[in-house]
Amino acid sequence: MTSTRLISGHVLSFKHSPFDQHPETSADIHECVAVKDGYIVKLGSKKKLHSLFPDAQVSHYSNHLILAGFVDPHVHYPQTAIIASWGKRLIDWLTTYTFPEEIKFQDYEYASLIAKRYLNLSLTVGTTTVCTYCTSHTESVDAFFFEAQKRNQRVVAGKTCMDRNAPEQLCDTAVAAYDDSKRLLDQWHGIGRLSYAITPRFAPTSTPEQLDALGSLWREYPHCLMQTHLCEQLDEIAWVQELFPNSRDYVDVYEHFGLLGKNGVYGHAIHLEERERVRLRDTNAAVIHCPTSNTFIGSGLFDLSTMIHEGQCVGLASDIGGGSSFSQLRTMASAYEIAQLQGHPLHPAQLLWLATIGSATTLRMDDKIGNILPHYEADMIALNLASTPVIAQRSRHANSIWEALFPTIMLGDDRAITQVWIAGKPCL
């Protein structure tokens, strides 16, 4: 029988979206959280929870914020080894760095090595759930799910499907994309805490026949996520118009082939036309803001304020390895800086919401992860609000929990992550 664990500190639990109501009142701070059998059982004062669970293991984290683990909804784990590669925009980035690296993933041992490395690195920065692209090799999917399963992590992954405009070693066919994806989906989806995502890389690397096949597969498995890229760079959009001249726009390409819908997760979505934004909102599709990637690769500035105002479902992601940091703290800082450039400063509560329950919502998992509430899965982190001398001297003079948190968002790194719990079990 698993014993109850009590974790005390400043336990943050969101009660409403900080974008819908005043950010300052969007969360409650509790003294303690009780965890048992991988789930959150109760929140309250230390005294009350000690009386309810007198035999519980107790862990106390003074000057720490206990919160839900970060959720990263757009990742390329096979790009771990090429993070921070110099000087290329999207298409050149793929050709010069990504495709040569991804070819290596036909080797299961190499895929396993990188999967372990990626999951270890992401845990050290407090990320407990990811949604990742694999490569076009089934070995890359098997390796990632196997490693995540050993850690009992809630993850989403899928075989990246491409049958044109990529090296021969990475290209499959429309039939292979369908057959491989279906087999992998049947093998892994719903096993423990694993979920499968149907994964066309993006429209330019799939023929109409392949997109049609994957749209058919999604209709067969509508409960699964479908992930792809959308409107990341202007030259990419022009390329899509050349390849699909009969489509009204980029979103229309996906919609034509049955690849637009509620369980769709669309990375970047920077350069959208009004009609595209309307279709995304009306279908309740999810768009993912990847700020460090958008600036590092020179893609553009995501208009978060407009997207939120329009009622879009928005998450926040690192986009490793186009993104320049595994850390959602750094991703939040970059999102803040981009919003400042656009005249819309983001409150710390809004940033934290995007990296936790907001991103969980894009993966349709906000009833399980992304918040600390009874019956939620106990994926949590202990965030040190004084992890460096610079952060400590600033947070020491804070007048609220949000003011104490903000220096860690802007300046924090892996040193701020004191502990990570996966399904209630400590990992660091």
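**Exercise 1. Determine the volume of the second largest pocket and describe its lining.**

The second largest pocket has a volume of about 230 Å³. Among its 14 lining residues, H189, S195, H223, M365 and K368 are the closest to its centre. A pocket, on a 1 Å grid over the protein atoms alone, is an open set of points with protein on both sides within 12 Å along at least five of seven lines; a cavity is a set of points where a 1.4 Å probe fits but cannot get out, and lining residues have an atom within 4 Å of a point. Grid points are joined across faces, edges and corners, and a volume is the space filled by probe spheres set on the points.

Next, consider the source of the lining. Strand β9 (residues 194–200) contributes the largest share, three residues. Helices (H or I, at least four residues) and strands (E, at least two) are DSSP runs, numbered from the N terminus.

Finally, classify the residues. The lining comprises six nonpolar, five polar and three charged residues. Ala, Val, Leu, Ile, Met, Phe, Trp, Tyr, Cys and Pro count as nonpolar, Asp, Glu, Lys and Arg as charged, and the others, Gly among them, as polar.

The model is predicted: local features need pLDDT of at least 70 and side-chain atom pairs count only at pLDDT 80 or more, whereas totals for chains, interfaces and linings use all residues. Residues are numbered from 1 along each chain as its sequence is written, and side-chain values use heavy atoms, with hydrogens and water left out.

**Exercise 2. Identify the element that gives the most to the lining of the largest pocket.**

The largest pocket has a volume of about 260 Å³. Its lining includes S17, F19, D20, W353, L354, G358 and T361. Both β13 (313–316) and α13 (348–362) supply at least two residues each. Of the elements, α13 gives the most, with four residues. By class, six lining residues are nonpolar, five polar and one charged.

**Exercise 3. Describe the largest and second largest cavities.**

The structure holds three cavities of 30 Å³ or more. The largest has a volume of about 140 Å³, and of its 14 lining residues the closest to its centre are H76, L90, L94, H229 and E232. Helix α2 (residues 90–103) provides the largest share of this lining, three residues.

The second largest cavity has a volume of about 50 Å³. Among the residues lining it are I237, F244, R248, D249 and Y250. Here α7 (234–243) gives the most, with three residues.

**Exercise 4. Explain why C161 and C290 are each too far from the closest cysteine sulfur for a bond.**

A disulfide is a pair of cysteine sulfur atoms within 2.5 Å. For C161, the closest cysteine sulfur is in C134, 11 Å away, and therefore too far for a bond. For C290, the closest is in C131, also at 11 Å and too far. The structure holds zero disulfides. C161 is buried, with 0% relative accessibility, and C290 likewise has 0% and is buried. Buried means under 20% relative accessible area, exposed over 50%, and partly exposed in between (1.4 Å probe, protein chains only).

**Exercise 5. Compare the expected and modelled spans of helix α3, then describe what covers its buried residues.**

The expected span is 1.5 Å times one less than the number of residues. The 17 residues of α3 (residues 108–124) should therefore span 24 Å, and the end C-alpha atoms are 24 Å apart, in agreement. Buried residues of α3 include A111, I114, Y118 and L123. Their cover includes β5 (70–76), β6, α4 (138–151) and β15 (417–422).

Methods
Contact means heavy atoms within 4.5 Å.
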